[in-house]
Amino acid sequence: MSDIFLSYATEDRPRTRLLVEALESQGWSVWWDRTIAPGRTFDSVIEKSLAEARCVVVLWSKASVSSDWVKTEAAEAARRRVLVPVLIDEVTVPLEFRRVQAARLVGWTGDQTQEEFSELVSAIADLMGQPAKSRATGTLSAPPSQTSRWKRPALLGGAGAVMAAALWVALHVFLAPHGPVVIGVMDIRVRGKVPPWMSEFTRDGLTTVLSKYVRTYATEKIDLLREKRGLSDIEAAEQLGITKMVLGTISTADQNVLLEVHVVDIMSGMLEAAEHMRGTEAQLVAMQNQAAIAVLKVLKIKLSEPELNGLIKGRTNDDQEYLKLLTETMGAGDVKPSAPAPKPVGPNASWRLAWPATAYADDGGEQGAIQQLLERYRSALESKNVDQIAAIYLEMSPSMRDALTRYFATADELKIRFSNYDILVEGTEAVATFTRNDEFKDARSGRDVHLEVRMSSVVTKQTGGWKIRGLRKPS
């Protein structure tokens with residue numbers, strides 16, 4: 001019996017070997033199909049090894065997401081609750097496995113000192129209920145330490161001490177964070193006389209910046225789930241596997257803007273940090289950057305000077321008017337939400353039953369069609385053809401058409417690039433998330449402008465194919 005069963009696609013064997021060697025160096029025994037002895041039946045050996053393994057590590061890559069073998073092994077591991085998924089490529093994990101947080105080893109070259117590998121080792125050790133064994137000494141070595149959110153109980157006498165200690169152990173074991181951090185930026189609410197654009201503009205800004213350094217859910221994915229199932233913020237975060245929820249408020253006083261950002265741990269429900277930024281409306285982008293950096297500090301993510309420069313590239317106060325105008329071209333507030341699915345009731349109710357019966361999350365044909373739609377959208381934007389853009393939408397409001405016209409008049413030599421796609425298909429609706437980069441010369445000043453936003457598009461399938469329903473959170 002092996003400690004770890006490692007599931008992977010054949011095309012990924014060189015990268016898999018690196019991980020096998022690294023895990024074995026931690027003292028664990030690892031089974032992968034290179035170890036099948038001659039004369040033994042391939043599928044029977046796999047089935048037996050999979051059933052006996054204490055932990056199943058599944059490597060998700062461009063090849064493995066379409067592998068029936070890998071998905072079957074992952075399904076069995078999920079059924080036994082011994083699944084530890086690992087991303088080795090930037091891919092969308094098959095829908096049925098997304099509730100289990102995946103470790104990230106994208107671009108990993110075998111360096112066992114990297115934080116991502118340490119997090120994987122910690123996740124495996126936690127799942128098996130004991131740390132890795134040091135091969136050199138044969139003794140137990142603790143997994144990478146994590147600072148507990150809970151203080152040790154004060155010393156009590158007799159039974160009280162036993163109960164307090166037991167409670168602390170239970171909280172420490174069951175509420176300690178496992179696996180990589182996943183962020184969800186929920187609504188940024190407004191207080192007082194705050195212009196409506198500030199809320200979505202700030203939510204998008206935080207999502208864009210945080211997504212550069214930590215796994216961050218697209219706001220449209222969060223909103224789609226909340227609408228379809230009628231969930232609260234906490235319920236949606238739990239369903240998506242979000243580990244840290246970012247909430248915020250914007251208010252104004254004495255011509256100043258106050259941005260408050262809270263970080264909430266989903267497993268414990270505890271408020272981990274509350275940060276406040278104050279400035280003028282013209283400084284809102286810088287305040288968003290400061291808030292994102294504060295969140296990264298709470299997550300203990302240290303940024304080098306080049307990384308800080310990369311964070312503010314395309315996101316400075318000088319770019320605020322362009323970013324605001326770009327936000328208006330997305331049709332903020334113009335999209336009407338679809339009717340939510342009824343909440344399941346009864347003791348045996350299941351959220352899985354609330355989803356549409358037809359789900360195409362793994363259908364490469366549907367995803368390809370959506371990506372072609374987005375390429376048509378990108379091309380129409382770059383050519384500044386408002387009529388072509390309108391033909392791609394279910395409906396374009398007059399305010400959105402006006403914003404596009406003003407944006408195009410500002411942007412000379414406009415070049416637009418979409419990258420880092422993440423497409424989730426649910427029945428006849430889908431959410432396509434991507435990074436948009438705009439480069440142009442300001443028509444008035446001749447200044448070179450570079451804008452970067454992480455955005456989502458809600459698309460709907462009709463008889464004639466996919467069309468864009470909206471690019472913003474429905475309101």
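How many cavities of 30 Å³ or more does a search of the whole structure find? The search turns up two. Before a closer look at one of them, a few words on the chain itself. The model is a predicted one, and its chain carries 14 helices and 14 strands. Of the 475 residues in the chain, 48% are buried. Contacts also reach well along the sequence: among those between residues at least 6 apart, 64% join residues at least 24 apart.

Now to the sheet. Four strands make up an open sheet, lined up in the order 11-12-13-14 with antiparallel pairing. Strand 11 (411–426) and strand 14 (465–470) sit at the edges with a single partner strand each, so each has one side without a neighbour in the sheet. From one strand to the next, the twist averages 35 degrees. As a general matter, strands of a sheet pair through backbone hydrogen bonds, in either a parallel or an antiparallel fashion.

Taking the pairs in turn, strand 11 and strand 12 run antiparallel and are joined by 12 bridges. Within this pair, Ile-423 stands opposite Ala-432 of strand 12. The two strands form a hairpin with two residues between them, and here Gly-427 takes a positive phi near 65 degrees. On to the next pair: strand 12 (residues 429–442) is joined to strand 13 by 13 bridges, again in an antiparallel run. One bridge links Glu-429 with its partner Thr-460 in strand 13. A helix comes into the picture here too, as helix 11 (residues 320–329) packs on the sheet and touches both strand 12 and strand 13. The direction of helix 11 makes about 10 degrees with that of strand 13.

Strand 13 turns up once more at the second largest cavity, which holds about 30 Å³ of space. The residues lining this cavity are Asp-204, Thr-207, Ala-218, Thr-219, Thr-433, Arg-454, Met-455 and Ser-456. Two elements, helix 6 (197–210) and strand 13 (448–462), give two or more residues each to the lining. Strand 13 provides the largest share, with three residues. Sorted by class, the lining of the second largest cavity has four polar, two charged and two nonpolar residues. Strand 13 thus appears in both parts of this account: it pairs with strand 12 in the sheet, and it gives the largest share of the lining of the second largest cavity.

How values were computed. Residues are numbered from 1 along each chain as its sequence is written. This is a predicted model: local features need pLDDT of at least 70, side-chain atom pairs count only at pLDDT 80 or more; totals for chains, interfaces and linings use all residues. Side-chain values use heavy atoms; hydrogens and water are left out. On a 1 Å grid over the protein atoms alone, a cavity is a set of points where a 1.4 Å probe fits but cannot get out, and a pocket is an open set with protein on both sides within 12 Å along at least five of seven lines; lining residues have an atom within 4 Å of a point. Grid points are joined across faces, edges and corners, and a volume is the space filled by probe spheres set on the points. Ala, Val, Leu, Ile, Met, Phe, Trp, Tyr, Cys and Pro count as nonpolar, Asp, Glu, Lys and Arg as charged, and the others, Gly among them, as polar. Two strands pair if DSSP finds at least two bridges between them. Axes are lines fitted to C-alpha atoms, for helices over the stretch in contact, and angles run from 0 to 180 degrees between N-to-C directions. Contact means heavy atoms within 4.5 Å. Buried means under 20% relative accessible area, exposed over 50%, partly exposed in between (1.4 Å probe, protein chains only).
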